[in-house]
Amino acid sequence: MEKQEAKSKLEERKMSGRLLLFPFPFQGHINPMLQLANILYSKGFNITIIHTLCNSPNKSNYPHFTFETISEESLTAFPTMQGSVTNVVLLNKVCVDPFRDCVKRLLSNSDRILCLVTDALLYFTQAVADGLKLPRIVLRTSSLSAFQVLYLHPLLLQKGYLSVEDSNSEAPVPEVQPLKVKDILRTYKIEGEDLEEIISGMMTGIKAASAIIWNTFEELEQSVLPTIQQNFPIPSFTIGPFHKYFTASGSSLLEQDQSAISWLDMQAPLSVLYPRNSVSMNVNIDSLKKLLRGRDTSVTRSVVLLLP
């Protein structure tokens, strides 16, 4: 009976079709795509993960997926790559042919392929999808607010918001309310032809896509969603945060130091603060001083955790 049920479920999954997912091989992009893959798999879809040789995911954590490696020969000397504007442009150039060849082969050999799901930063995949007459769904791994700032980057640059010397400026930015100048300076003060190419390619690719999935939820960003939907009139799905459905499974590109965890676990609940440095944003000294002064006036004993 159990074997019959298992066989029936397998047949149902085969009938549901296969999705091809292609994560951008940088920190902060791989795990959300794999979490989305788990969400889609739980809905009955078969999953194939296409990935680059550099920063490849840990396949052993996902035995229920099929993995396909594309070989970008110009990157074979780099088993890992750091997140940078230049590398984003490079990947969008060197991956075109191997990615197209891989998808063509899968279309001819695999079961029914329904669509591509690719990271928004892999904007070259839209032309490949169009050429193969395959729908493309875009995944944007960050928030709607962050995307809006990126979309308006040329305007913000033109109006001088990104040229302000005071990185702690409390001046409002009417175009991206409720953000202030200090908010956009800490993450988006980047200029150059490479960034212009990325923004242009990404926005063009999203507008031509069949739909976009956001790693956020509508209730958090109600003020931004209508504007995004007006500028990008394609189906928009705010189904995040993905980690509420499936946790990350060890695909971080950063070495994790677990030596302090056992001691931290012994501290009182809600007593540990972690001012987090991310890949693109650093906690500055002034912000840290304000945080520490605030904890000095608290009646609760607390631990402030700082990692290099």
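## Exercises on cavities, pockets and backbone

In this predicted model, the largest cavity has a lining made up of Pro23, Pro25, Ile30, His51, Thr52, Asn55, Ser56 and Pro57. Let's work through it together.

**Exercise 1.** Describe the largest cavity by its volume and by the classes of its lining residues.

*Solution.* Start with the search of the whole structure, which finds one cavity of 30 Å³ or more. Next, take the volume: the largest cavity holds about 40 Å³ of space. Finally, sort the lining: four residues are nonpolar, four are polar and none is charged.

**Exercise 2.** Is Asn55, from the cavity lining, buried or exposed?

*Solution.* First find Asn55 in the loop between strand S2 (46-52) and strand S3 (66-70). Its phi is near 55°, a positive value in a residue other than glycine. Now apply the cut-off: buried means under 20% relative accessible area. Asn55 has 5% relative accessibility, so Asn55 counts as buried.

**Exercise 3.** Do the same for Lys133: is this residue buried or exposed?

*Solution.* Lys133 sits in the loop between helix H5 (125-131) and strand S5 (136-140). Lys133 also has a positive phi, about 55°, although it is not a glycine. Exposed means over 50%. The relative accessible area of Lys133 is 74%, so Lys133 is exposed.

**Exercise 4.** Which residues lie nearest the centre of the second largest pocket?

*Solution.* The volume of this pocket is about 190 Å³. Of its 13 lining residues, Leu40, Ile137, Ile213, Phe237 and Ile239 lie nearest the centre. By class, the lining has twelve nonpolar residues, no polar ones and one charged.

Terms used. Residues are numbered from 1 along each chain as its sequence is written. This is a predicted model: local features need pLDDT of at least 70, side-chain atom pairs count only at pLDDT 80 or more; totals for chains, interfaces and linings use all residues. Side-chain values use heavy atoms; hydrogens and water are left out. On a 1 Å grid over the protein atoms alone, a cavity is a set of points where a 1.4 Å probe fits but cannot get out, and a pocket is an open set with protein on both sides within 12 Å along at least five of seven lines; lining residues have an atom within 4 Å of a point. Grid points are joined across faces, edges and corners, and a volume is the space filled by probe spheres set on the points. Ala, Val, Leu, Ile, Met, Phe, Trp, Tyr, Cys and Pro count as nonpolar, Asp, Glu, Lys and Arg as charged, and the others, Gly among them, as polar. Helices (H or I, at least four residues) and strands (E, at least two) are DSSP runs, numbered from the N terminus. Buried means under 20% relative accessible area, exposed over 50%, partly exposed in between (1.4 Å probe, protein chains only).
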